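Here's a protein to explore together. Take a moment to look it over, then read on for a short tour.

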Amino acid sequence: MICSMTGYATTTQETAHGSLNLELRSVNNRYLDIQFRLPDDFRKLEPTMRELISAQLSRGKIECRLNFSTLANTHKVQQLDTALLEKLKQLEGTVKSILPDAQCLSVSNILQWPGMLGNDNIFIDTLRENSMALLQETLEEFKATRLREGEKLKIILLERVNQMRQLLTTAIPRIPLLIAAFEEKLRIRVEEALGNLDDDRIRQEITLFAGKVDVDEELSRLQTHLIEVERILTKGGVVGKRLDFMMQELNREANTIGSKSVDLEISNISMALKVLIEQMREQIQNIE
C-alpha cells in the first residue's frame, strides 16, 4: 500500500489528574519535518516522541500537539516543604556569611523553588508515560488515515495510466498512415512537376520524412514507463520520489512526440498526454 503525506488524527485519554489530548496533522514535504507543540512540563518528551514518529513515518511536515487539562476537582492543597525551607535558610546564611551584600531570598523566590510546594515528579512522570502511550495510539490512527488517502491516490493514478494507454493505442497506427499519405502526395507533386516519376528521389524524400515523424521509439518508452509506474504503485511503500522521477521521464517522451508531430491528431495526443502527466505529478506530490 502507498501512503499520502496528508493526514490527521486526534485521541484523548482521561487520567486521574486530568485530560490528555494529542493531535497529529501533516502536509506534503520533501523530507520528514516534525514540529512539536508541548506544555512546559512535557518538553522532556520531545526527543523520545521524535524518535517514535521518525521510526514510523518517512516524509511529510508533521505537527504534533499535546494538550493537558487539569480536572476541576483535582486541585490539591499545596503545602510548604518545611524541611526544604529550613535547608534553604541554612544555605542562605552560609552565603550571607561569605557575601554580606548578597540579596536575600524573597517570598516569591522561595515559593518558586523546585519542590518547595510539594513533589509533583511522580504525578508528571505518570502523565508522561500516558502521553507516550497516547502518541502510539494516535500514530496508528494517523497512519491509517494516510493509508486510506494513499489508496485513493493510487486509484486516481492508475486511471490516468489507463487513459494514457488509450491515447497511445490511438497514436501508434497513425505513423504508418502519415508516411503512406506523404508518399502519395509526393508522387502526385513530382509527376505534376516533371511529368514522370523519379523513384529514387521519392524514396529518399520518404526516408527523410519517416525519420522526422517516426516516434515509435518514444511511444515504446512511454509504454515501458507506464508499466513501471504500475509496478511501483502495486509494490507500494515509500514511492513518492520514484514516481516523481517517472513523471519527468513520461513528460520528456510526450514533449518529443509533440515536437516531431506533423499531424493535428498526434499533436492533440501529445498535449493530452502532457495534461494527464501533470495531473499525476500534482497527485504524486502528496505521496510519501
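Which residues does Met-164 touch, not counting residues up to four places away in sequence? Keep in mind that you're looking at a predicted model. Met-164 touches Leu-226, Leu-250, Leu-273, Leu-276, Ile-277 and Met-280.

Met-164 is also part of something bigger: the largest nonpolar core, which has 32 residues. Along with Val-229, Leu-243, Met-247, Leu-250, Leu-273 and Ile-287, Met-164 touches the most other members of that core. Helices H4 (121-171), H5 (174-194), H7 (216-235), H8 (240-260) and H9 (264-284) are the elements that give two or more residues to this core. Another core lies apart from it, with 21 residues, and among them are Leu-57, Leu-127, Leu-139 and Phe-142.

Now let's zoom out to the whole chain. You'll find nine helices and four strands in the protein chain. Walking along the sequence, the pattern reads β-β-β-α-β-α-α-α-α-α-α-α-α. Of the chain's 288 residues, 33% are buried. The chain exposes about 17100 Å², and carbon and sulfur atoms supply 52% of that. If you take the contacts with a separation of 6 or more, 79% come from residues 24 or more positions apart.

Next, the aromatic rings. How many aromatic pairs does the structure hold? There's one, and Phe-42 and Phe-68 form it. The pair is tilted, with 6.1 Å centre to centre and 50 degrees between the planes. Phe-42 sits in the loop between strand E3 (32-37) and helix H1 (46-56), while Phe-68 is in strand E4 (residues 60-70), so the pair links distant parts of the chain, 26 residues apart.

Are these two rings' residues buried or exposed, and what about a few others? Here's a quick rundown.

| Residue | Relative accessible area | State |
|---|---|---|
| Thr-11 | 12% | buried |
| Phe-42 | 2% | buried |
| Cys-64 | 0% | buried |
| Phe-68 | 22% | partly exposed |
| Cys-104 | 46% | partly exposed |

Why does Thr-11 count as buried? Its relative accessibility is 12%, and buried means under 20%. Thr-11 is found in strand E1 (residues 7-14). Not counting residues up to four places away in sequence, Thr-11 touches Leu-20, Asn-21, Leu-22, Leu-134, Glu-137 and Thr-138.

Last up, the cysteines. A disulfide is a covalent bond between the sulfur atoms of two cysteines. The count of disulfides here comes to zero.

Terms used: Residues are numbered from 1 along each chain as its sequence is written. This is a predicted model: local features need pLDDT of at least 70, side-chain atom pairs count only at pLDDT 80 or more; totals for chains, interfaces and linings use all residues. Side-chain values use heavy atoms; hydrogens and water are left out. Buried means under 20% relative accessible area, exposed over 50%, partly exposed in between (1.4 Å probe, protein chains only). Contact means heavy atoms within 4.5 Å. Accessible areas come from the Shrake-Rupley method with a 1.4 Å probe; for residues, only the protein chains shown count as cover. A disulfide is a pair of cysteine sulfur atoms within 2.5 Å. A nonpolar core is a set of buried Ala, Val, Leu, Ile, Met, Phe, Trp, Tyr and Cys residues joined through side-chain atoms within 4.5 Å. Rings of Phe, Tyr and Trp (its six-membered ring) pair if their centres lie within 6.5 Å; planes under 30 degrees apart count as stacked, over 60 as edge-to-face and the rest as tilted.
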